[in-house]
Amino acid sequence: MNVRKMLMCLFTFCLFFSMSRVALAVDPYQFDLQWPQSWSVSSPGGVATDSSGNLYVADTDNNQIVKISRGGTFLFKWGSAGSGNGQFSAPIGVAVDNGGNVYVADRGNNRIQKFDSNGTFLTKWGSSGTGNGFFSSPRGVAADGMGNVYVLDTGNSRIQKFQADGTYVTQWGSSGSSDGQLKLPWGVAVDTSGNVYVAELSSSNNRIQKFNSSGVFLTKWDSSNSAVGKLNGPSAVSLDNVNNVYVTEAFGNRVQKFSSDGIFIAAWGSAGGGDGQFSFPQGVAADGMGNVYVADTLNNRIQKFSNIGTSPSVLGLPDSGTPANFTPWGVAVGGTDNYVYVADTINNSIVEYAQDGTFVKKWGTTGPGNSQFNSPTGLAVDGTGNIYVADSGNNRIQKFTAAGTYVTQWNSGLGTLSNPSGVAIDSTGNNVYVSDTGNNRIQKFTAAGTFDPQWADSGTLLAPIGVAVDSTGHVYVAGFSKSGVPCVQKFQANGTYVTQWGAHGSGDGQFNNPQGVSLDHDGYVYVVDSGNSRIQKFTTDGAFLAAWGTQGSSAGQFSSPRGVATDLTGNVYVADTGNNRIQKFYPTTPTYLLKFTITGNGSGSVLVNPPETIITGGTQNLIYNSVTAVTLTAAPAANSLLSWTGCDSSSGNTCNITINSSKDVTATFNLVPARVKIEGDPTSYYAIGAALDVPIQNSTIRVQATPDFVENIIMTNPMTILLKGGYSDQGFTSQTGDSTISGSLKIRAGTVKADHLKIKP
């Protein structure tokens, strides 16, 4: 499976690792600009026509239904992301009955919704499950002339039949490859006689099956073959008014026409982004005028054909620009000119822009050769402008100069790369990290592509997607944990696991299909929360700072965003993939993090002002606008001493800082140290008879003569030891006077001249 499809399907649950958040400011990022300047449908799924020739499109990534006239004029749309009436979660199938009612397979909500031709909600039925009337990821819906509705219950490998009001009638099918069984049923249609046609995407079935209206198997046609008349990933099926059958092939990237018994008539299409070409088409509909509409899913458009595929016209395509069918996936900013580099996955090219969106140049064509690509998804730029591209479909990394000249490539390390989706370079420019998505791991290489074996396989990753490196060499991976939970994981440069954060959901710090990850010059972490159509911002420890973006196509809204990058001045660039554009955001008022820690074996509290917060221990993260003066006032306990680190200035118990960058401040409270005085008989030799845990004040420890006995005095903090006479031991040979010992002091028989130890403050 292509990595783009695999990444779109990964939605799971995880345990959220959170940091304390004391003060949160709304993130001050505002929309700046976008390019190209127009857009339309995003990853369209099903299409259907009514008796007037109007076209209805399941605009899957935008969670809406779009209605278009026969001539391609936009009429209106309805729907938004959610689970309420008239809301959708990845709608994928659409059908229209003889009365003009519209049925939508609301896949993510496991239900069917019914609307009138104006988009007014009428009714709904279904929920997640396996019983009658329940669904698991329904992908298709079809309506016959008798008022029956057939639902393609893909996850349950069956067809369910209902009346027009949702009343359950019957079902057929089970998982398997025999006649009447189903594997990955992807499309469904009904002819004028009530016969039902099902397209099965599975490579083991790869066929069209035909049933009567009661589910009795009639015939099939199949063959895993790219020749005309054969099938290569049938994904959708439709019939015209004389019962010709039209089939889209997701893997074959074409449309084929058959008789109702499977006799081949015609075929058209090939892989690509040009007119009459396709990329993973998933919907087809034929109207009563001989027109055929195809949902060209990954080209984010609808194509209309007449006379069996000739004279295509394009609906839902962005205005012509640089390049056509622009589908940004990865984005990076860097090099000597700080250009914006974009991996255009559909056009198999790298596009270079100035930061104002002005086109500079592009390079790359489709293929496996040098400077050619197959679904490039991630890219990174080093300080001198060298560009590294995750050439996903070709399972390799390609390296180019700032001018776009090919340098080298590699595809091996622990093993060959499998669908690499992300690439990152550390601040030295010497180490390259690759998200080896298909192999569930990160691989580390030198800048020349030599495999670096120091990266440890921690076994914590499942389909890693985005990867980024901070200034200290820590590596951040966006994707999924080994148990399938959406999160960000943090590693040391050698692959040692540090921490992770995230959970499935839409709350602060939660994710729905995390994709790209990037860090700015202040060390903040930006994560593309693709399924929630937003960007989230964190500290490097995973403390949530802010989020922005909603589902949609307006400025500042997103549709299936995939990549994120920042420049040196704090601007944020987002690859808004579903909307076929790059969006740029700028910080109007910079915010910075104050990371404040209380440590030590003593005790005390600190008043932070602003925001008039008392902190008694641990680490707290506080967010401030730029140029904020902060005063920290400590109150140590009677038996504790205070010390500060990280202050701009300090006096006694007060620490002063001005927030003009991210700051780390620590208040250390330590117990007042005790003094150990050794007094003894210079002619007698004794050993300690018991371990002594310090500090103990005003106490006397008596000793007894025990020849050759070895014992430890365990010291929990540095102590001053007053030595009288001679003293000889490990680390202390023939010393007199005061010495400071931290940790464990080992007293050996025959080395201490004493009759008792006095512990004094």
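These legends go with several close-up views of a predicted model.

**Figure 1. The whole protein is a story of strands.** Let's start with the full chain before zooming in. The secondary structure comes to one helix and 69 strands. Of the 761 residues in the protein, 54% are buried. The accessible surface comes to about 28200 Å², and carbon and sulfur atoms account for 48% of that area. What about contacts between residues at least 6 apart in sequence? Here, 50% join residues at least 24 apart.

**Figure 2. Four strands line up in an open sheet.** Follow the order β44-β45-β46-β47 across this view, and you'll see that the pairing is antiparallel. Which strands sit at the edges? They are β44 (514-519) and β47 (544-548), and each of them pairs on one side only. Neighbouring strands in the sheet are turned by 20° against each other on average, ignoring direction. Now look at β44 and β45 (residues 525-529): these two pair in the antiparallel sense over four bridges. To find your place there, look for Ser-518, which stands opposite Tyr-526 in β45.

**Figure 3. Trp-644 sits among the best-connected members of the largest nonpolar core.** This core has 32 residues, and the ones touching the most other members are Phe-596, Val-606, Leu-632 and Trp-644. Which strand gives the most to the core? That's β51 (residues 591-599), with five residues. If you skip the neighbours within four places in sequence, the contacts of Trp-644 include Phe-596, Val-606 and Leu-632. Trp-644 is also in contact with Ala-634, Cys-655 and Val-665, among others. Polar names turn up on its contact list too, including Ser-650, Asn-653 and Thr-654.

**Figure 4. Val-237 is a buried residue in a strand.** You'll find Val-237 in strand β19 (residues 234-239). Is Val-237 buried or exposed? Its relative accessible area is 6%, which is under the 20% cut-off, so Val-237 counts as buried. Who are its partners, leaving aside neighbours within four places in sequence? Among them are Gly-187, Val-188 and Ala-189, along with Tyr-197 and Ala-199. Val-245, Tyr-246, Val-247 and Val-284 are in contact with Val-237 as well. Now find Ala-286, 49 residues away from Val-237 along the chain: the C-alpha atoms of the two are separated by 9.8 Å.

**Figure 5. Arg-254 and Glu-249 form a buried salt bridge.** Side chains of opposite charge can pair when their charged atoms come close. In this view, the side chains of Arg-254 and Glu-249 meet in a salt bridge, at 2.3 Å from N to O. Why does Arg-254 count as buried? Its relative accessibility is 8%, and buried means under 20%. Glu-249 is buried too, with a relative accessible area of 0%.

**Figure 6. More salt bridges appear elsewhere in the chain.** How many salt bridges are there? The count comes to 16. One of these views shows Asp-436 and Arg-441, whose side chains meet in a salt bridge at 2.7 Å, N to O. Both Asp-436 and Arg-441 are buried. Another pair to look for is Arg-534 and Asp-529, with their closest N and O atoms 2.7 Å apart. Arg-534 is buried, and so is Asp-529. Finally, look for a trio: Lys-490, Asp-541 and Lys-595 are linked in a network of salt bridges.

Note on methods:
Residues are numbered from 1 along each chain as its sequence is written. This is a predicted model: local features need pLDDT of at least 70, side-chain atom pairs count only at pLDDT 80 or more; totals for chains, interfaces and linings use all residues. Side-chain values use heavy atoms; hydrogens and water are left out. Two strands pair if DSSP finds at least two bridges between them. Axes are lines fitted to C-alpha atoms, for helices over the stretch in contact, and angles run from 0 to 180 degrees between N-to-C directions. A nonpolar core is a set of buried Ala, Val, Leu, Ile, Met, Phe, Trp, Tyr and Cys residues joined through side-chain atoms within 4.5 Å. Buried means under 20% relative accessible area, exposed over 50%, partly exposed in between (1.4 Å probe, protein chains only). Contact means heavy atoms within 4.5 Å. A salt bridge is a side-chain nitrogen of Lys or Arg within 4 Å of a carboxyl oxygen of Asp or Glu. Accessible areas come from the Shrake-Rupley method with a 1.4 Å probe; for residues, only the protein chains shown count as cover.
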